[in-house]
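Work through the exercises below with the model open. Each task is followed by a worked solution.

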Amino acid sequence: MRSQFAFASSPRLAFIVVALFVFLSPELKNVSRETFAAERPTNAQVSEGLTCQCGCGLTVANCNMPTCGFSVPMRAEIDGMIRKGMNRAQIIAFYRHKYGEKVLSAPTAEGFNLLAWTMPFIALVLGGGLMVLLVGRWRSNPPSAPSGSKPAGEPSSFDPELRRRLENELKERR
């Protein structure tokens, strides 16, 4: 018989706990790709992090409208900021302050957005755990017979008239 705590000591659960700790750790929150990127960003690196506001739904780097009233001037403005010595995080912070959260191509991992990042994983873990528990219960408890039914070994009562009619029909077909 399996112990109830066998699932708690499994390597999978340990991996999930460690992964959640690393993902939610406050020390790692401020570490990002900008930390490891070159000091002087390119226009493509910066504009990939910003969403075009013309309605196309693409990033500023990928907006395919040649005369877009938002991405074309913004790319020129980003080039000017890079020439002034601003890094990617400063430029994105400037546009975030100017246009709000909607200009970011990916939500930040802080505040309510943190819930948006983690909720799918939490739901998967909880749903998977619930399924493991339910399947374990279904396997351990055999289905019970209805209260009015007879055990499988005993023959059920039958109507002798129906049996006679069945035997006659079988004889006729042979």
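**Exercise 1. Take apart the aromatic cluster that links Phe70, Phe94, Tyr95 and Tyr99.**

Step 1. Fix the rule. Rings of Phe, Tyr and Trp (its six-membered ring) pair if their centres lie within 6.5 Å; planes under 30 degrees apart are stacked, over 60 edge-to-face, and the rest tilted. By this rule there are three aromatic pairs.

Step 2. Classify phenylalanine 94 with tyrosine 95. Their ring centres are 5.1 Å apart and their planes stand at 75 degrees, so the pair is edge-to-face.

Step 3. Classify tyrosine 95 with tyrosine 99. This pair is stacked, with 6.2 Å centre to centre and 20 degrees between the planes. The two tyrosines are four residues apart in helix 5, so about one helical turn separates them.

Step 4. Add burial. Buried means under 20% relative accessible area, exposed over 50%, partly exposed in between (1.4 Å probe, protein chains only). Tyrosine 95 is buried at 1%. Phenylalanine 94 is partly exposed at 34%, and tyrosine 99 is partly exposed at 29%.

The model is predicted: local features need pLDDT of at least 70, side-chain atom pairs count only at pLDDT 80 or more, and totals for chains, interfaces and linings use all residues. Numbering runs from 1 along each chain as its sequence is written, and side-chain values use heavy atoms, without hydrogens and water.

**Exercise 2. Find which elements build the largest nonpolar core.**

Step 1. Define the core: buried Ala, Val, Leu, Ile, Met, Phe, Trp, Tyr and Cys residues joined through side-chain atoms within 4.5 Å.

Step 2. Size it. The largest core has 16 residues; Val46, Leu50, Phe70, Met74, Ile78, Ile91 and Tyr95 have the most contacts inside it.

Step 3. Assign elements. Helix 4 (71-83) and helix 5 (88-99) each give two or more residues. Helix 4 gives the most, with four. Helices here are DSSP runs (H or I, at least four residues), numbered from the N terminus.

Step 4. Check one member. Contact means heavy atoms within 4.5 Å. Leaving aside neighbours within four places in sequence, isoleucine 78 touches Asn43, Val46, Ser47, Leu50, Ile91 and Tyr95.

**Exercise 3. Test the length of helix 6 (residues 112-140) and locate its kink.**

Step 1. Compute the expected span: 1.5 Å times one less than the number of residues. For 29 residues that is 42 Å; the end C-alpha atoms are 41 Å apart, which agrees.

Step 2. Locate the kink. A bend of about 40 degrees lies at threonine 118, shortly before proline 120. The bend is the angle between axes fitted to the seven residues ending at a residue and the seven starting there.
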